[in-house]
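Reader: Could you walk me through how to read a helix and a ligand site in a model like this one?
Author: Gladly, let's look at it together.

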Amino acid sequence: MSANDTLVTDPPAAAVRAEEVSMVFPAPDGAELRALADVSLDLPPGAFCGLVGPSGCGKSTFLMLIAGLYRPTTGRITIDEEQVVRPWDALGVVFQRDALLEWRTVWDNVLLPIEVKRLDKKKYRDRATRLLELVGLTGFEGFYPGELSGGMRQRVAICRSLIHEPRLLLMDEPFAAVDALTREKLNFDLLRLTAESQTGRGTTVVFVTHSIEEAVLLSDQILVMSPRPGKILRLIGNDLPKPRTLATRSEPRFHALVDDIRSAFHSMGLV
Amino acid sequence: MHGSASTREQGPPATESARPVVSESPPPRAVRLRGVALRWLRFNGIVIGLYLLAFVLWEVASRVFAIPTFILPSPLTILASAAEEPSVLATHTSVTLQEVVGGFLLAAAISIPLGMLLIYSRLLERLVYPSLVAFQAIPKVALAPILVVWFGFGLTSKVVLALVTAAFPIVINTVIGMGQAPREMLYLMRSLRASPWQIFIKARLPVAAPYIFGGLKIGITLAVVGAVVGEFIASNSGLGYLLLVANNNLDTPMLFAVVVVLAVMSSVLFYAVEAAEAILLPRPLRRSQRRLDPGANA
Ligand SMILES: Nc1ncnc2c1ncn2[C@@H]1O[C@H](COP(=O)(O)OP(=O)(O)O)[C@@H](O)[C@H]1O
Ligand SMILES: [Mg+2]
């Protein structure tokens, strides 16, 4: 037995399944608003899944359902074969708005999950330091979120979502509110972070974005959703070699995939 | 479980170097104190100067135009009147101060938990909120006679009147503050499987704290009003009582002296609440941090 085998004893990344999940919201006029219609999905452990679709098609709703924050109207979602009825234990979430706690320093924000889960903070100090280092926030530990730029705040939120070694990471358009340059940097930060996590327990990621390029750059699988009520229109395997780098974006295969997805949107009459 | 808003873990050693170091070796204490005093004076000098100027103009005007003292006494006359029997003024001030502080502390102790409960219970909200509003609509003077019947002529009836006068803004602000935590923040806490208590103590309460302090600041000034109104109606001590006596004696300088003492007392209490806020809340939640122009607090 080599030292590496000890890693295997850790619980692996989450396997996520959605079985004909539908979500109906009550609309203000008393009618019903169908946000998701019969969405089925089978994500193997460790998959990085990009979710793209037109605005309002139910991407966030789907993520909330996987997170256990909403209950589906019909159908069911399982994580590791177990039905989701409340947030899963080893779950990390990043919202579009960073949801940082303004009265806590960067350091205390990152360690929030450890505190809430009553884990031993001392054991996670090194990890916090390392995560902040990976996103270039070393030296900002004592800053308050109000003293950071939008991109830096989102990086803190990402570190926070990873501190407790989640085996399932849900990200809802995490970079929508940052400028294009920062976004590019954050994309590579994220690749590095999840790659790093995968040397440990491994993490399954569901990443919502409205940027096709972003989805292609980051994911192994790309789910294309239809306009509301959201259905999964296509599931595209992304075989671009890893690790993905800046050079990935100039590969012909990258553009072929982007075009492929764009034409799927085209066929919906959306582009 | 540690305190709500002041929850602040020590960062790693690197944290210290994150902040710019101001000076290498501290100057001697005397020099430092003089520096502080000078800076304070430079910052507040204009304000103090203008106030002094206004008093001087008032004094001069009342002499030049020979304004009768029973209409508008000059600042020096007021001061002299206050200094004539300082112990009388002090005794009555101390009575009112006790009523105000007692009433205010009770109001805070009841209103803050009540405001929090209202957020967590729909039924309680529907039950209590309307009667709270209706109660607030009653002029508090109208309550004073009843309170005297219930609680007697002494301190207690004024404490209760101060309490009921101060309570409303504290409850309302607590309710508003408790509802301010953004949805994402609550979802985030729930995604971490935070307990309702953790969500309360780590998210809702810190967000609410500045609002609660807003309510407390309004409340403390209203507590003064409540206590004085109570003394007006029925009492034999306190600044409100002294005001009535001075009025009966047509002692206008004394009247003004009491008004000045009341104003000073209210202000001191107000700033005491603000100081408590500054001590209890971490920097980003403090009032001065939420100014319109961010450059101003550099
Ligand atoms: N909590 C909610 N209550 C009622 N309707 C909702 C709620 N959340 C989402 N919806 C509706 O569901 C639809 C899908 O929303 P969402 O999942 O946020 O879309 P996306 O994230 O793809 O832009 C929208 O029409 C939205 O109005
Ligand atoms: Mg969305």
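Author: Keep in mind that this is a predicted model. Let's begin with a helix and its packing: the buried residues of α2(B) pack against α3 (75-84) of chain B.

Reader: Which are the buried residues of α2(B)?
Author: Buried here means under 20% relative accessible area. In α2(B), the residues that meet this are B:N44, B:E59 and B:S62.

Reader: Where does helix α2 of chain B bend?
Author: To read a bend, compare the axes fitted on either side of a residue. Helix α2, residues 29-64 of chain B, bends by about 55° at B:N44, and B:N44 is also one of the buried residues. After α2(B) comes B:A66, with a positive phi near 50°.

Reader: Now the ligand. Which polar atoms lie by ligand 1?
Author: Look for N or O pairs within 3.5 Å. A polar backbone atom of A:G58 is 3.0 Å from an oxygen atom of ligand 1, and a backbone N or O atom of A:K59 is 2.8 Å from an oxygen atom of the ligand. From a side chain, a polar atom of A:Y70 lies 3.3 Å from a nitrogen atom of ligand 1.

Reader: How much of ligand 1's accessible area does the protein cover?
Author: On its own, ligand 1 has 560 Å² of accessible area, and the protein covers 68% of that.

Reader: Which elements give two or more residues to the shell?
Author: Those are β2 (32-43) and α2 (59-67) of chain A. The largest share, 3 residues, comes from α2(A). By class, the shell holds 5 nonpolar, 5 polar and 2 charged residues.

Definitions and conventions:
Residues numbered from 1 in each chain as written. Chains lettered and ligands numbered in written order. Predicted model: local features only at pLDDT ≥ 70, side-chain atom pairs only at ≥ 80, totals over all residues. Heavy atoms only, no water. Polar contact = N/O pair within 3.5 Å; in protein donor to acceptor, adjacent residues only side chain to side chain. Areas by Shrake-Rupley, 256 points an atom, 1.4 Å probe, with all protein chains shown as cover. Helix = DSSP H or I, 4+ residues; strand = E, 2+ residues; numbered from the N terminus. Nonpolar A, V, L, I, M, F, W, Y, C, P; charged D, E, K, R; others polar. Bend = angle between axes of the 7 residues up to and from the residue. Buried < 20%, exposed > 50% of the residue type's maximum accessible area, 1.4 Å probe, protein only. Contact = heavy atoms within 4.5 Å.
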